[in-house]
Amino acid sequence: MHPLKWLLVCGVCLGANPVAWAQFKNDAEAVKYRQGVFTAMKVHFGRLSAVAQGKLTFDAEATKRDAQIVHLLSSMPWLGFGESTATLSDKAKPEIWVDRDKFKQGTVNLEEKTQMLAQAAQSADLEKIKLAVGAVGKSCKSCHDTFRN
Ligand code: ASC
């Protein structure tokens, strides 16, 4: 194979490796990214909370969509919590980078609970949805209590 082709192959391999990718332009962008994801999550989870509290009329299709969005978003912000961003936001407590395992556990818990919420929304059973919304809210709160100012 032409040596330049090898170079291309190596480049593709590096590109496919998420660790080798520098995802963000700089640390400030990583913070903006994760905060943007949390903002979107708050909007869509806020609608689900309102449905669960009877403040917003239950629309099964809109609820499915909101729950799917929340589930997808729940997998996203963690990429923006690189160690080099530790001092950039006064919302993020230093504990995030001290107690890495506990933080990681919290992210996994949220992703599990939002998956259950997405499943509950698929069932279109409002009582199931209410329970699942409660479980997600508890997961949000438990991390916020420990890791967010
Ligand atoms: C929300 C929201 C949060 C969580 C949390 C749940 O709607 O914006 O941060 O729920 O309050 O306890």
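Which polar backbone atom does an oxygen atom of the ligand lie 3.2 Å from? The partner belongs to Gly137, whose polar backbone atom is 3.2 Å from that ligand oxygen. A pair like this counts as a polar contact when two N or O atoms lie within 3.5 Å of each other. As for the rest of the protein, the cover over the ligand comes to 64% of the 310 Å² of accessible area that the ligand has on its own (areas come from the Shrake-Rupley method with a 1.4 Å probe).

Before we go on, a word about what you're looking at. This is a predicted model, where local features need pLDDT of at least 70 and side-chain atom pairs count only at pLDDT 80 or more, while totals for chains, interfaces and linings use all residues. Residues are numbered from 1 along each chain as its sequence is written, and side-chain values use heavy atoms, with hydrogens and water left out.

Now zoom out to the whole protein. You'll find 6 helices and 0 strands, so the pattern along the sequence reads α-α-α-α-α-α, because helices (H or I, at least four residues) and strands (E, at least two) are taken as DSSP runs and numbered from the N terminus. Of the 149 residues, 29% are buried, which means under 20% relative accessible area, with exposed meaning over 50% and partly exposed in between (1.4 Å probe, protein chains only).

Back to the ligand. Around it you can pick out Lys42, Phe45, Gly137, Cys140, Lys141 and His144; a residue is near the ligand if one of its heavy atoms lies within 4 Å. Sort this shell by type and you get 2 nonpolar, 2 polar and 2 charged residues. Here Ala, Val, Leu, Ile, Met, Phe, Trp, Tyr, Cys and Pro count as nonpolar, Asp, Glu, Lys and Arg as charged, and the others, Gly among them, as polar. Helix H2 (27–52) and helix H6 (126–147) each supply at least two of the shell residues, and H6 gives the most, with 4 residues.

Helix H2 has more to show. Ala30 is part of this helix, and with a relative accessible area of 4% it is buried. Its C-alpha is 7.8 Å from that of Leu79, though the two are 49 residues apart in sequence. Arg47 also belongs to H2, but at 34% relative accessible area Arg47 is partly exposed. Between Arg47 and Thr57 there are 9.9 Å, C-alpha to C-alpha, and 10 residues in sequence.

Next, look at helix H5 (100–123). Lys104 sits in H5 and is exposed, with 53% relative accessible area. Lys104 and Trp78 are 26 residues apart in sequence, yet their C-alpha atoms are 8.7 Å apart.

Last stop: the loop between H5 and H6, where you'll find Ala124. Most residues other than glycine have a negative phi. Ala124 is not a glycine, but its phi is positive, at about 60°. With a relative accessibility of 33%, Ala124 counts as partly exposed.

Methods:
Polar contact = N/O pair within 3.5 Å; in protein donor to acceptor, adjacent residues only side chain to side chain.
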